[in-house]
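Hi,

Here is the structure I promised to pass on to you. Have a look at it first, and then read on for what turned up in it.

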Amino acid sequence: FIFQQIQNQILNLKGIQKKDIITLIPYIIKTNPKQLLPYTDKIISLYQSCISEDSSKLFTYISKSFGETSKIIINANHTSNFLLNSSLDTNENMFSNELINIYNQLKSFCMNNIKHNNRYNQICGTLCLTSFIENCAYNYTNQNNLKSIWELLIYQITNNNFYAKLELLNCFISLIFSSEERFCPFASMTLYKIFDYITDEDWLKRKLALNIVYTLVFYCGEEIKPLKGYINKFLAERSEDNVKEVKEVCIEIMKLLENAKVVHSERLLLSEQKGKKTLTHNRKS
């Protein structure tokens, strides 16, 4: 009954009017998350009904709400500590079938929207996946999950029919930043695929692509080392960029490339810190 009332409100309200309902969802779920586990599909359907052109200005709120809801739902299971603790190398046998099914439902919601032909589904789906990655460590502590997410992102980054490239580049940053050294097997291919964006006419895409390079150099230095000359070539083209933010990132990457020992020490220090903050960006209309 409660879900139906929320659904009715989402469908009847227009645009920004939906904001309060969307932000309220995780608080409702938090009242009794264990009892609501069997209704994960209905919870997901609430978010699906939020995605439309009319709600495009609320996508940030939708994705944040989805991430918070995902964390609450997964945390309701007694094995959730394994899912939320990024320091653990997880094993599939640690989880109940119910929890695996719930995780897959949440993940599929993001992926299916990213694969959609509609630009609004693509944008919101990518934002939700980013939030999901940041709120559920099982996305990257399990190598199979990490690989499946990476394969989707790497395909869409070269897909001419995929609109949400800014959101996708930012999602890459969150995935690398969260998974750290676990991302190493995918580092070289990721680097090759995002190089074109370093010279993109959109300065935000240039900056985000360079942020990816920075994060790869920081966490996957050994894998990136053979490509140092290739990277420097592209950095040379952007070192005199007329956008200050882009130029500054270029300089920082060159510093990292030139001093691998410092990078390694900084990486160890960062790994010990709690409450990591993810790089974010604001899409310009």
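A residue counts as buried when its relative accessible area is under 20%, as exposed when it is over 50%, and as partly exposed in between. Please keep in mind that this is a predicted model. With that cut-off, F3 is buried, because its relative accessibility is 14%.

F3 is a good place to start with the aromatic pairs, of which the structure holds 14. The ring centres of F3 and Y39 are 6.1 Å apart and the planes meet at 55°, so this pair is tilted. F3 belongs to helix α1 and Y39 to the loop between α3 and α4, so the pair ties together parts 36 residues apart in sequence. Y39, at 38% relative accessibility, is partly exposed.

Another pair, F195 and Y230, is edge-to-face, with 4.8 Å from centre to centre and 85° between the planes. F195 sits in the loop between α12 and α13, while Y230 is in helix α15, 35 residues apart. F195 is buried at 2%, whereas Y230 is partly exposed at 34%.

Y230 also joins M189 and Y192 in a nonpolar surface patch, with about 290 Å² of accessible area together. M189 lies in helix α12.

Finally, a look at helix α2. Its buried residues are I21, I22, I25, P26 and I29. They fall within an arc of 150° seen down the axis, so they line one face of the helix. That buried set packs against α1, α3, α4 and α5, while D20, Y27 and K30 are exposed on the other side.

Enjoy exploring!

Best wishes

Key:
Residues numbered from 1 in each chain as written. Predicted model: local features only at pLDDT ≥ 70, side-chain atom pairs only at ≥ 80, totals over all residues. Heavy atoms only, no water. Patch = residues over 30% accessible without salt bridge, like charges linked within 9 Å, V, L, I, M, F, W, Y side chains within 5 Å. Areas by Shrake-Rupley, 256 points an atom, 1.4 Å probe, with all protein chains shown as cover. Salt bridge = Lys/Arg side-chain N within 4 Å of Asp/Glu carboxyl O. Helix = DSSP H or I, 4+ residues; strand = E, 2+ residues; numbered from the N terminus. Buried < 20%, exposed > 50% of the residue type's maximum accessible area, 1.4 Å probe, protein only. Arc of directions from axis to C-beta. Contact = heavy atoms within 4.5 Å. Phe/Tyr/Trp six-rings, centres within 6.5 Å; stacked < 30°, edge-to-face > 60°.
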